[in-house]
Amino acid sequence: MSGHLLYNVAITSIPNIGDVTAKKLIAYCGIATQVFNERKDVLEKIPGIGPINADNIIKHKKEALIKAENEVEFIVKNNIAPLFYLDSKYPKRLLHCEDGPVLLYSKGTTDFNTQRVISVVGTRKATDYGTDFCEQLLADLAVHQPLIVSGLAYGIDVCAHKAAIKNNLPTVGVLAHGLDRLYPAQNKTIAQKMLHNGALLSDYKSGTKPDRENFPKRNRIVAGMADLTVVIESSKKGGSLITAYLANDYNRDVFALPGRLGDSQSEGCNNLIKSHKAALIQSAK
């Protein structure tokens with residue numbers, strides 16, 4: 001473990017200092033360690049920081065380092081790989097996203113920077129139409145050996161992970177909580193299999209529960225670490241639409257599976273296609 005790890009974790013533990021601000025601080029100071037050693041008057045002069053953020057860093061740095069010590073202990077004990085945004089193994093596609101995580105926690109065995117990365121997302125209430133298409137799509141894509149990314153949720157997500165394993169494709173589950181737990185618990189068996197050719201990935205520290213607000217935030221990783229996102233079934237206000245809009249914002253390709261008019265689980269996909277937020281997909285070809 002790098003001697004800088006403690007400070008890399010600690011900078012993500014300071015309240016109200018998000019990924020964008022943390023990266024500004026590191027860019028100016030050189031390394032995270034230096035952020036903690038800098039005087040308040042120097043910090044507040046950094047462009048985009050100001051007196052409120054500087055005061056926040058000084059006030060909370062001791063508490064942040066204590067939290068970081070506990071997290072490093074958890075990382076070492078549980079064989080978790082911390083991926084700092086300046087590390088070579090960090091998912092490079094996320095570097096093009098302004099709000100990409102400063103630090104990711106990974107458990108498993110995969111190359112996040114493989115030649116082709118595809119995110120597959122969709123409704124938790126998948127129909128046979130959606131799951132059949134998902135399984136066929138991944139079977140047909142197997143020859144190209146893409147890395148398949150999803151969110152390990154019910155429905156299309158877990159279907160994508162299972163289809164990837166069936167076709168010997170590496171697959172990554174991006175979680176909305178710490179790596180000390182798994183939600184939903186029913187997916188524990190598939191999660192264990194994913195560790196042999198894939199990974200579980202999160203930017204949340206251990207102890208973080210799968211709170212509702214964490215899911216939209218983790219979707220930026222699902223969208224940002226892939227070359228393209230495929231949406232397979234989504235209701236009018238489905239969570240996978242957030243991933244599609246984020247992928248659009250990151251200038252990534254988005255594809256959506258069309259459905260029958262009046263089918264509630266296809267409404268979101270049909271609207272994506274209608275509003276030119278996604279291209280219509282019919283097959284892997």
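Here are three short exercises on a predicted model, each with a worked solution.

**Exercise 1.** Work out whether strand β6 is enclosed or open, and which strands pair with β6.

*Solution.* Start with burial: 5 of the 5 residues of β6 (residues 198–202) are buried, so the strand is largely enclosed by the rest of the structure. Next, look at the directions of the side chains. Gly-198, Leu-200 and Ser-202 point one way, while Ala-199 and Leu-201 point the other way. Now turn to the neighbours. Strand β2 (residues 103–109) pairs with β6 in the antiparallel sense over 5 bridges, and Tyr-105 stands opposite Ser-202. Strand β5 (residues 171–174) pairs with β6 in the parallel sense over 4 bridges, with Gly-173 opposite Leu-200. Finally, follow the chain: from β5 it passes through helix α8 (residues 188–194) to β6, in a right-handed β-α-β crossover.

**Exercise 2.** Describe the geometry of the aromatic pair Tyr-7 and Phe-36 and place both rings in the chain.

*Solution.* The structure holds 3 aromatic pairs. In this one, the centres lie 5.5 Å apart and the planes meet at 65°. Edge-to-face needs an angle over 60 degrees, so this pair is edge-to-face. Tyr-7 belongs to helix α1 (residues 5–10) and Phe-36 to helix α3 (residues 32–37), 29 residues apart. Phe-36 is buried, at 4% relative accessible area.

**Exercise 3.** Find which residues Phe-215 meets through its ring.

*Solution.* Begin with Tyr-183, which forms an edge-to-face pair with Phe-215 at 6.2 Å centre to centre. Tyr-183 sits in the loop between β5 and α8, and Phe-215 in helix α9 (residues 214–224). Then add Arg-124, which lies over the face of Phe-215, 5.6 Å from the ring centre. As for exposure, Tyr-183 is partly exposed at 40%, whereas Phe-215 is buried at 16%.

Technical notes:
Residues are numbered from 1 along each chain as its sequence is written. This is a predicted model: local features need pLDDT of at least 70, side-chain atom pairs count only at pLDDT 80 or more; totals for chains, interfaces and linings use all residues. Side-chain values use heavy atoms; hydrogens and water are left out. Buried means under 20% relative accessible area, exposed over 50%, partly exposed in between (1.4 Å probe, protein chains only). Helices (H or I, at least four residues) and strands (E, at least two) are DSSP runs, numbered from the N terminus. Two strands pair if DSSP finds at least two bridges between them. A crossover is right-handed if, with the strands pointing away from the viewer, the path from the first strand over the helix to the second runs clockwise. Rings of Phe, Tyr and Trp (its six-membered ring) pair if their centres lie within 6.5 Å; planes under 30 degrees apart count as stacked, over 60 as edge-to-face and the rest as tilted. A charge sits over a ring if NZ of Lys or CZ of Arg is within 6 Å of the ring centre and within 35 degrees of the ring normal.
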